[in-house]
Amino acid sequence: MTNWNILKPYLPPEWMNCLTGLPPEVAQRVQEVRLRAGDPLTVSLPEGERYLGVDGVTALRQRGLVLCSARQVEDCFLRFCDHSVYAHEWELRQGYLAVPGGIRVGLAGTAVMRQGEVASVQAVTALCIRLPRFVRGCAGWLRRVVTASGHPESTLVVGEPSSGKTTLLRDLAVGLAAQHHRVTVVDERGEITGVERLPGCDVLLGYPKVEGIRQAVRCLAPEVVLFDELGDEREAAAVASCAHAGVAVVATLHGRTTAEMGWRPLPCLLLTQRAFSNWVFLSGRRSPGVPGGVYQPEVVRDGIRWVSADLGGGNRDRALCGPSSATAGGVFGPDPACIADADSAGGLYGPTDERAVATLGGDAGVF
């Protein structure tokens with residue numbers, strides 16, 4: 001279930017009333033809340049954006065919609081900043097705000113330039129509020145990929161925005177720790193650990209990824225380091241240094257297909273460095289958390305050969321969480337009571353009721 005209470009300090013009460021009044025089958029599938037000055041408040045669902053109104057959500061502009069004024073957007077921005085824009089200048093240069101509770105707020109507005117670089121943002125006109133979730137047991141299939149050889153192997157999870165990358169990473173960290181692996185999470189923006197405590201994991205919160213990776217290897221003796229959104233060559237070099245130290249890395253990367261990996265500079269660098277043994281591609285935002293393919297790429301003379309991994313029962317798309325309609329609703333719905341593995345999730349997070357488990361394209365109990 002979506003925890004709307006984490007937004008209560010930041011949004012007007014009338015907006016909160018509309019959000020908390022959404023039917024559970026809609027609320028649990030909301031991925032983002034978007035505020036645009038002069039436009040209706042919108043929520044992002046796997047199938048697209050919908051306008052928020054007093055009677056629920058709709059795809060049509062009509063009467064009764066919740067409208068955002070420029071002043072309200074600016075006021076919400078200041079609340080997310082805790083009324084101290086200066087204290088958040090580093091984040092604003094990157095185009096977002098990291099808010100307690102694992103919330104990330106993307107910004108649109110006017111850039112403040114200093115010496116040819118973005119120094120801050122002013123006259124904010126839009127906010128994209130990314131809602132964090134802890135879907136217990138959803139990364140069982142990914143844990144099998146990472147540990148297929150008997151020990152953690154470096155794995156890159158590739159997916160478009162809102163495809164479930166961070167949610168999978170969050171649950172994977174707990175699952176690996178429960179299997180008695182030494183796990184360090186480098187959480188630069190507080191998005192991984194902001195939702196719920198990660199039992200058994202060492203967390204480096206607020207560290208830039210490069211420094212956090214070095215600190216982890218130098219001081220915490222991990223078997224595996226996890227972090228979100230691999231972004232540049234310096235971070236790629238830090239991943240390579242982990243490999244030289246015998247430490248596995250699990251990270252995420254924005255992308256969609258194997259074809260685009262061949263012409264983007266950062267993926268090309270990772271491929272030629274052989275930084276990751278496994279490359280996992282997610283199906284997309286319409287099916288969050290569902291694998292689209294697992295590959296072990298090989299560098300050959302004429303390019304990259306993407307070898308599909310057979311990880312027990314074949315590399316087939318499966319529903320990670322939810323009933324047989326999971327491909328449409330994604331890992332976040334439409335039935336919040338279904339989890340990938342009720343028994344293992346109970347062991348990781350505490351007791352849970354027995355729940356039905358459904359699998360697409362294969363035998364039950366693959367998790």
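The expected span of a helix is 1.5 Å times one less than its number of residues. The exercises below use this rule and others on a predicted model.

**Exercise 1. Find the expected span of helix H8 (residues 233-244) and check it against the distance between its end C-alpha atoms.**

Solution.
- Step 1. Count the residues: H8 has 12.
- Step 2. Apply 1.5 Å a residue, which gives 16 Å.
- Step 3. Compare. The end C-alpha atoms of H8 are 17 Å apart, so the two values agree.

**Exercise 2. Describe the surroundings of H8: which of its residues are buried, and what do they pack against?**

Solution.
- Step 1. List the buried residues of H8: Glu 235, Ala 236, Ala 238, Val 239, Ala 240 and Cys 242.
- Step 2. Recall the helix geometry. An α-helix has 3.6 residues a turn, so residues three or four places apart point the same way.
- Step 3. Name the partners. The buried residues of H8 pack against helix H7 (209-219), strand S11 (224-227), strand S12 (248-254) and helix H10 (265-273).
- Step 4. Look at the ends. At the N-terminal end, Asp 232 is the cap of H8, with a side-chain oxygen 3.1 Å from the backbone nitrogen of Arg 234. Just after H8 comes Gly 246, with a positive phi of about 80°.

**Exercise 3. Repeat the span check for helix H6 (residues 165-178). Is H6 mostly covered or mostly uncovered?**

Solution.
- Step 1. H6 has 14 residues, and 20 Å is expected.
- Step 2. From first C-alpha to last, H6 reaches 20 Å, close to that expected value.
- Step 3. H6 is mostly covered, with 13 of its 14 residues buried.
- Step 4. His 180 follows H6 and has a positive phi, near 70°.

**Exercise 4. What is the strand order of the open sheet of 7 strands, and which helix touches S1, S5, S6 and strand S7 (117-130)?**

Solution.
- Step 1. Read the order: S4-S3-S2-S1-S7-S6-S5, with antiparallel pairing.
- Step 2. Find the edges. They are S4 and strand S5 (96-99), each pairing on one side only.
- Step 3. Add the twist, which averages 40° from one strand to the next.
- Step 4. Place helix H1 (residues 13-20). H1 packs on the sheet and touches strand S1 (32-36), strand S2 (42-45) and strand S3 (48-53).
- Step 5. Name the helix asked for. H3 touches S1, S5, S6 and S7, and its direction makes about 105° with that of S7.

**Exercise 5. Classify Gly 64: why does it count as partly exposed?**

Solution.
- Step 1. Locate Gly 64 in the loop between strand S4 (56-58) and helix H3 (70-80).
- Step 2. Recall the cut-offs: buried is under 20%, exposed is over 50%, and partly exposed lies in between.
- Step 3. Gly 64 has 39% relative accessibility, so it counts as partly exposed.

Note on methods: Residues are numbered from 1 along each chain as its sequence is written. Side-chain values use heavy atoms; hydrogens and water are left out. Helices (H or I, at least four residues) and strands (E, at least two) are DSSP runs, numbered from the N terminus. Buried means under 20% relative accessible area, exposed over 50%, partly exposed in between (1.4 Å probe, protein chains only). Two strands pair if DSSP finds at least two bridges between them. Axes are lines fitted to C-alpha atoms, for helices over the stretch in contact, and angles run from 0 to 180 degrees between N-to-C directions. Contact means heavy atoms within 4.5 Å. A polar contact is a pair of N or O atoms within 3.5 Å; within protein, one must be able to donate a hydrogen and the other to accept it, and residues adjacent in sequence count only if both atoms are side-chain atoms.
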